Amino acid sequence: MRLELTSRSFAGRPVLGALTLEVRRGQRVAILGPSGIGKSTLLRIVAGLDRDFQGRRAVPERLAAVFQEPTLLPWRRALANVTIPTGADRAAALALMDQVGLAGKDRHFPRQLSLGQQRRLSLARAFAARPDLLLMDEPFASLDADTAGRMLDLTAALLDASGAGLILVTHDPAEAARLGAQPLTLSGTPARLA
Amino acid sequence: MPPPGPRAVTLAPPSAPPSAPRGAQPHAGARRGRVPGLVPGLVSLGALLALWAVAAALTGNPRRLPGPWAVGHELFAIAASGELWFHAGMTLFRVALAFVAAMILGGALGLAMGRSPRLDRWLDPTLVILLNIPALVIIVLAYIWIGLNETAAILAVALNKIPVVAVILREGTRALRPDLDDMARVFAMSGPARLRHVVLPQLAPHLAAAARTGVALIWKIVLVVEFLGRSNGVGFKIHLLFSSFDVAGVLAWSLAFVAVMLAIDAGLLRPWEARANRWRQDAP
Ligand SMILES: Nc1ncnc2c1ncn2[C@@H]1O[C@H](COP(=O)(O)OP(=O)(O)OP(=O)(O)O)[C@@H](O)[C@H]1O
Ligand SMILES: [Mg+2]
């Protein structure tokens, strides 16, 4: 994946400046920076959700994302929330749900899960897509230290197994270190990578 | 201060869709609420019948206002002779065809206009004009232009309903959740999968609202269409009874068909709505 960004502005106000981001298969990158600096904006551009920028972008076929909010389908049960968007089969989805600690919750609707459980379901969904590049926006926020630690290890293991690349947005350098991700910091107005 | 337009009234946030309270009812009332829930309805229906009987007795003119008993007798006669089933069946067939056509065409139009502001700007004036043409005008023109046939009849009914469905679905589409759209795009969900799992479930309350108002409106228009230019159906029978000033007959036929439409609402629309709203409930 390679992004050569010239700029991204909202209503004439530049948020992101010129920057280049390159992530090869198996490579892990963490994007750090204070709230409101433009981390989610950068990730949305990489994900192809924001096309209103100046620059060039080349990404692999299979993307998966863990958004800042769980972003589940409230009208589909937990298992269907993993299989429907990703096309994963039932057995693979159940195994992933087991790994994120949601065994036995497959028939629950999202609103019958706690926020932390919803976040873990969203994690399982992302892995079920077998992505070449995984995009994560503060996926471990609001999880207790123990669970967050286990999810980090699981993420690392699944990335090792699949050889996928990772772009992780976080405000916690320790998270980046634990995943072995190269930390890049967004700073300044408009923000640039350093 | 600008007056609130009709649009502002129909705009519902996704958290408060038009039919959310109905969907919430079954579990709020649980099973104990079911039987007492029927009582007020039955009592008010009984009171209406009593009022009718009293009015009929006071009028003392069974040709002008026959009592419930006479109408019931008439109802039994047309049901026993088989006449009721044939004509009600024809009417129901026209209602069903016009309903399906209006829901699909109006739904697609509303979805497209809700998604694309450009298309909306182009088609909105046409929609407003169509909404304001009297049903009778559309029916008469359809019969003149297409001929006194089934196609013209059903098309005229559907044309009356399409803009109503389109407007309801356009509002629903404008309130679609952008975050779920993003999710579907990142995971590269196919078009049909998106429609089925992401878009339509969000539009379910609007579809239900359109269906309910649709059925009510459509059967009334079908009766007019039959009155004016068909040789069977409930509207045709009422035409015949009207020429002989047979009030008992008119009442019997209309009551029979109201019962059919209520049965469809209770037996088809409500169960579907309850199913579509299951995810809002607490129990797993
Ligand atoms: N759709 C939008 N329209 C206008 N401004 C926006 C929009 N999206 C983001 N912004 C602005 O862009 C800036 C960066 O927002 P962004 O969401 O990328 O921050 P962030 O680094 O992810 O912050 P946080 O850590 O709090 O999630 C903010 O100042 C925000 O107000
Ligand atoms: Mg953010």
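So, at roughly what angle do the axes of α2(A) and helix α3 of chain A cross? Keep in mind that we're looking at a predicted model here. The answer is roughly 125 degrees, and the two axes come within 9 Å. Angles over 115 but not over 145 count as oblique, so α2(A) and α3(A) are oblique to each other. Their crossing is right-handed.

Okay, who's touching whom? On the α2(A) side we have A:Ala78, A:Leu79, A:Val82 and A:Thr83, and they meet A:Arg90, A:Ala93, A:Leu94 and A:Met97 in α3(A). Sorted by class, that contact has six nonpolar residues, one polar and one charged.

Now hop over to chain B. Helix α10, residues 191-229, packs against helix α11, residues 234-243, at about 55 degrees, with the axes 7 Å apart. That pair is oblique as well, and α10(B) and α11(B) make a right-handed crossing. From α10(B), the residues are B:Leu223, B:Glu226 and B:Phe227; they meet a group in α11(B) including B:Val234, B:Ile238 and B:Phe242. By class, this contact has six nonpolar, two polar and one charged residues.

Last stop, back in chain A: the magnesium ion, ligand 2. A:Ser40 coordinates the ion through OG and A:Gln68 through OE1, at 1.9 to 2.6 Å. Here's the fun bit: those two residues are 28 residues apart, with A:Ser40 in helix α1 and A:Gln68 in the loop between β6 and α2, so the pair links distant parts of the chain. And are they buried or exposed? In between: A:Ser40 has 26% relative accessibility, so A:Ser40 counts as partly exposed, and A:Gln68, at 36%, is partly exposed too.

Methods:
Residues are numbered from 1 along each chain as its sequence is written. Chains are lettered from A and ligands numbered from 1 in the order in which they are written. This is a predicted model: local features need pLDDT of at least 70, side-chain atom pairs count only at pLDDT 80 or more; totals for chains, interfaces and linings use all residues. Side-chain values use heavy atoms; hydrogens and water are left out. Donors are N, O and S atoms within 2.8 Å of the metal (3.2 Å for Na, K and Ca); water is not among the atoms, so sites may look incomplete. Helices (H or I, at least four residues) and strands (E, at least two) are DSSP runs, numbered from the N terminus. Buried means under 20% relative accessible area, exposed over 50%, partly exposed in between (1.4 Å probe, protein chains only). Axes are lines fitted to C-alpha atoms, for helices over the stretch in contact, and angles run from 0 to 180 degrees between N-to-C directions. Angles under 35 degrees count as roughly parallel, over 145 as roughly antiparallel, 65 to 115 as roughly perpendicular and the rest as oblique. A crossing is left-handed if the near helix is turned anticlockwise from the far one by less than a right angle, and right-handed if clockwise. Contact means heavy atoms within 4.5 Å. Ala, Val, Leu, Ile, Met, Phe, Trp, Tyr, Cys and Pro count as nonpolar, Asp, Glu, Lys and Arg as charged, and the others, Gly among them, as polar.
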